[in-house]
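Could you walk me through this structure in my viewer, stop by stop? I would like to know what to select next and what is there.

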Amino acid sequence: MNLSYWEIKSWLTDIDFTVIGSGIVGLSCALELRRLYPKANILVLEKGMLPQGASTKNAGFACFGSLSEIIDDLQNHSEDEVLELVSKRIKGLELLRNILGDNAIEYKQHGGYELFLKQDEALFEQCYNQKGSINELLWPLFETNVFSFEDNPFGFENIIERIGYNKFEGQIDTGKMMEALLNKALGSRIKILNNCCVDTVEEGNETVHINTTNFSLKSKKVFVATNGFANQLIEENIKPARAQVLITKPIDKLYIKGTFHLNKGYYYFRNIDDRILFGGGRNLDFKGEETTKFGQTELIQDKLEALLKSTIIPSRDFEIERRWSGIMGVGNQKYPIVKQLSNNVFCGVRLGGMGVAIGSSVGRELADLLE
Ligand SMILES: Cc1cc2nc3c(=O)[nH]c(=O)nc-3n(C[C@H](O)[C@H](O)[C@H](O)COP(=O)(O)OP(=O)(O)OC[C@H]3O[C@@H](n4cnc5c(N)ncnc54)[C@H](O)[C@@H]3O)c2cc1C
């Protein structure tokens, strides 16, 4: 790249901290570094025109786990671990709301619901029967019952007529949240370079050499926050997981309000701007969706549309306005990896489907590794 003397001097010289990835984690990490080191020269490198992973693509659920998700987590994790994860998600959401403010992210606590398809009778029974013990487990965090069941208030069809309810669940406007985070970073003298794909990160003598597709630079410390793309730079137990989404055109007098989980959370939908945003279906083709390539498949998109017609808005005419996908980072453990990789390189990755909730605190933890 034909960079000028000025470009190199002002943007690419004497860099203290370089953060790779400008999703929720990368930006939160950069902001925490600024708080800890007011004079530091902080650079964020982002391969997309906008943050191009999951943070600008997600469904905006401000959630800490549906009843079936928590029961499922208890199959693979101890009660203490599950409680800790729920607590992390609650504290992370508080942090996000404190940093950016509820108005800026359009936080609304409309409550969360869990629907059970008629063929999922066994799952419903399990959730219904375990509701009491899960409420007991979560009591230290909420000091009240979190989960209850109520009659189907939104006219959903082909489901069991009792649906799970959690008044503590909320939703945000994902675009506004990321815009606010980017503005905050820019206002905190953090430099963000877009369309910069980092190809390699190499430890040198006291500094880290960063090679991007177009230029190279040196930085004293590097923080990798590339989530689902992490294995392109570092070797950790993390796999990409694509998630597909669609959104309807505005629907007149839309009566559905809240965040909704279906089929153990493999499907999720919510209201936004008089529309339904609906995502999921990765369980139809786990292997095919283990990819860093953005895109949609007929298999999953057809299923989403079919569920809209049969279950979610069966009595309404609707049109699909847009479809997209995002890339998450997942692994065999439902915990993020936040650690030091070598003398001067650190990572905060593998956020799964929880990054709206835990992204800010993972970013903060990542920066705090320096202390
Ligand atoms: C469709 C969908 C729905 C979701 N819904 C929810 C939800 O409702 N609630 C919830 O809590 N979570 C949800 N999630 C998960 C949440 O969005 C993620 O956990 C979170 O955004 C992860 O943030 P991150 O900063 O770790 O990663 P990302 O947002 O993926 O950021 C990583 C960044 O690194 C950049 N990058 C990658 N490689 C390089 C490189 N080599 N050089 C430079 N830059 C690079 C990428 O372009 C990207 O911008 C959803 C995810 C998806 C995809």
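Here is a short tour, one selection at a time. Keep in mind as you go that this is a predicted model.

**Stop 1: a bent helix**

Start by selecting helix H6, residues 121-142. Where is the kink in H6 centred? Look at Lys131: the helix bends there by about 50 degrees. Now colour the buried residues of H6, which are Leu123, Phe124, Cys127, Ile134, Asn135, Leu137, Leu138 and Phe142. To see what covers them, add helix H3 (67-76) and helix H4 (79-100), and then strand E5 (147-151) and strand E6 (162-166), which are included in that cover. Before leaving, step to Glu143, which follows H6 and has a positive phi, near 55 degrees.

**Stop 2: a residue in H4**

Stay with helix H4 and pick Ile90, which lies in it. Is Ile90 buried or exposed? Its relative accessibility is 18%, so Ile90 counts as buried; the cut-off for that word is under 20%. Show its surroundings: beyond the neighbours within four places in sequence, Ile90 is in contact with Phe64, Leu141 and Phe142. Phe142 was also among the buried residues of H6. For a look across the chain, draw a line from Ile90 to Phe168: they are 78 residues apart in sequence, and their C-alpha atoms are 9.7 Å apart in space.

**Stop 3: a covered strand**

Next, select strand E12, residues 239-248. How many of its 10 residues are buried? The count is 9, which leaves the strand mostly covered. Add strand E16 (residues 320-330), which runs antiparallel to E12 and is joined to it by 10 bridges. Then add strand E15 (residues 275-280), which pairs with E12 over 3 bridges, also in the antiparallel sense. Leu246 is a good residue to click on here. Its bridge partner in E16 is Arg323, while in E15 its partner is Phe278.

**Stop 4: an open pocket**

Keep E15 and E16 on screen, since both give two or more residues to the lining of the next site, the second largest pocket. The space in this pocket is about 520 Å³. To find its centre, select Thr56, Asp173, Thr174, Gly175 and Trp324, the closest to it of the 22 lining residues. Helix H7 (174-187) and strand E14 (267-272) also give two or more residues each to the lining. Which element gives the most? That is H7, with 5 residues. Colour the lining by class and you will find 9 nonpolar, 5 polar and 8 charged residues.

**Stop 5: an enclosed cavity**

A search of the whole structure finds 1 cavity of 30 Å³ or more. The largest cavity has a volume of about 60 Å³. Select its lining: Ser66, Leu67, Gly112, Tyr113, Glu114, Phe147, Gly164, Tyr165, Asn166, Glu169 and His261. Strand E4 (112-115) and E6 are the elements that give two or more residues to this lining. By class, there are 4 nonpolar, 5 polar and 2 charged residues around the cavity.

**Stop 6: a loop residue**

Finish at Ser22, in the loop between strand E1 (15-20) and helix H2 (24-36). With a relative accessible area of 1%, Ser22 is buried. Show Leu27, Val44, Glu46, Pro51 and Met178 to see its contacts, leaving aside neighbours within four places in sequence.

Notes. Residues numbered from 1 in each chain as written. Predicted model: local features only at pLDDT ≥ 70, side-chain atom pairs only at ≥ 80, totals over all residues. Heavy atoms only, no water. Bend = angle between axes of the 7 residues up to and from the residue. Helix = DSSP H or I, 4+ residues; strand = E, 2+ residues; numbered from the N terminus. Buried < 20%, exposed > 50% of the residue type's maximum accessible area, 1.4 Å probe, protein only. Contact = heavy atoms within 4.5 Å. Pairing = 2+ DSSP bridges. 1 Å grid on protein atoms, 1.4 Å probe; cavity = no way out; pocket = protein on both sides within 12 Å on 5 of 7 lines; lining within 4 Å. Points joined across faces, edges and corners; volume = space filled by probe spheres on them. Nonpolar A, V, L, I, M, F, W, Y, C, P; charged D, E, K, R; others polar.
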